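Please look through the sequence and the model below together with this report. The notes under each heading take up one part of the chain at a time.

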Amino acid sequence: PEAAAQGRVAGISAAGGSSSFAGMPPAAQLKVLDVDLWHRSGHYDHYRENMYFTEVDERQYALKPMNCPFHVQIYKSKRRSYRELPFRWAELGTVYRHEMSGALHGLMRVRGFTQDDAHIFCTHEQLDSEFKNVIDLSLYVLGSLGFDNFTAQVSVRDPETPEKYIGSVKNWERAEEAIIGAAREKGLDFVVEPGEAAFYGP
């Protein structure tokens, strides 16, 4: 609270988050949405055990567990040209998750938390440079907070369980190669963890 009141934390806007500090416009979202959105996004099939549901007027709704579908909806809200890419949206988004027994975040199981989140819409050709920009931003934040001795984790899919993931194998391979290549080129100390990717991407 004291840091937020000061308005700045290590050069990062406390109101807008590090992503907004990096020039990404903020996006605000609803907290409760019709379950249809979570069916379309894949969360219902792949993540529903971690979600909270409720029913109003015989319609099922869910508390937001992730920000991704909302930013996709913003992107889809009008016709766009590839010439406008990359699109970047940031949000200090509060999400709600029913973490399973044994799932830890730091030293506790989480139910709700606010994360400094962002989504980038880009072409295949822009993947490498966008990943490098994200790494630069992450290094800036960590450095501002005094963290300079760390190991990064690159979470990739488990090829033995393709049913856990959405999207084509080709796109998964392209994304994994791009993020591993960017981490290597930036000289990060990193490890690759198969099976640790989210269902929608590394």
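## Aromatic rings

In this predicted model, Trp-89 is buried, with a relative accessible area of 11%, and Phe-87 is likewise buried, at 14%. The structure holds eight aromatic pairs. Phe-87 and Trp-89 make up a stacked pair, because their ring centres lie 5.5 Å apart and their planes meet at 5°. Phe-199 and Tyr-200, by contrast, form an edge-to-face pair, since their planes stand at 85° with the ring centres 5.0 Å apart. Within that second pair, Phe-199 is buried, with a relative accessible area of 6%, whereas Tyr-200 counts as partly exposed at 39%.

Ring pairs also join Phe-87 and Trp-89 with Tyr-75 and Phe-121 in a cluster. Phe-87 has a charged neighbour as well, for the charged end of Arg-80 sits over its ring, 4.6 Å from the centre. A comparable arrangement is found at Phe-70, where the charged end of Lys-64 sits over the ring at 5.5 Å from its centre.

## The β4–β5 hairpin

Strand β4, residues 53-56, pairs with strand β5, residues 59-63, in the antiparallel sense over four bridges, and Val-56 has Arg-59 of β5 as its bridge partner. The two strands form a hairpin with two residues between them, and in the turn Asp-57 has a positive phi of about 50°.

## Helix α6

Helix α6 runs over residues 127-144, which amounts to 18 residues, and reaches 26 Å from its first C-alpha to its last, close to the 26 Å expected at 1.5 Å a residue. Its buried residues are Leu-127, Glu-130, Ile-135, Leu-137 and Val-141. These residues lie on the same side of α6, because they cover an arc of only 160° around the axis. Just after α6, Gly-146 takes a positive phi of about 85°.

## Pro-162 and its loop

Pro-162 is found in the loop between β8 (152-156) and α7 (169-185), and it is exposed, with a relative accessible area of 53%. Pro-162 and Phe-199 are 37 residues apart in sequence, yet their C-alpha atoms are 9.6 Å apart in space. Their surroundings differ in accessibility, since Pro-162 is exposed while Phe-199 is buried.

## Cysteines

The count of disulfides in the model comes to zero, where a disulfide would be a pair of cysteine sulfur atoms within 2.5 Å. As for accessibility, Cys-68 counts as buried at 15%, whereas Cys-122 is partly exposed, with a relative accessible area of 25%.

Terms used
Residues numbered from 1 in each chain as written. Predicted model: local features only at pLDDT ≥ 70, side-chain atom pairs only at ≥ 80, totals over all residues. Heavy atoms only, no water. Buried < 20%, exposed > 50% of the residue type's maximum accessible area, 1.4 Å probe, protein only. Expected span 1.5 Å × (residues − 1). Arc of directions from axis to C-beta. Pairing = 2+ DSSP bridges. Phe/Tyr/Trp six-rings, centres within 6.5 Å; stacked < 30°, edge-to-face > 60°. Lys NZ or Arg CZ within 6 Å of the ring centre and 35° of its normal.
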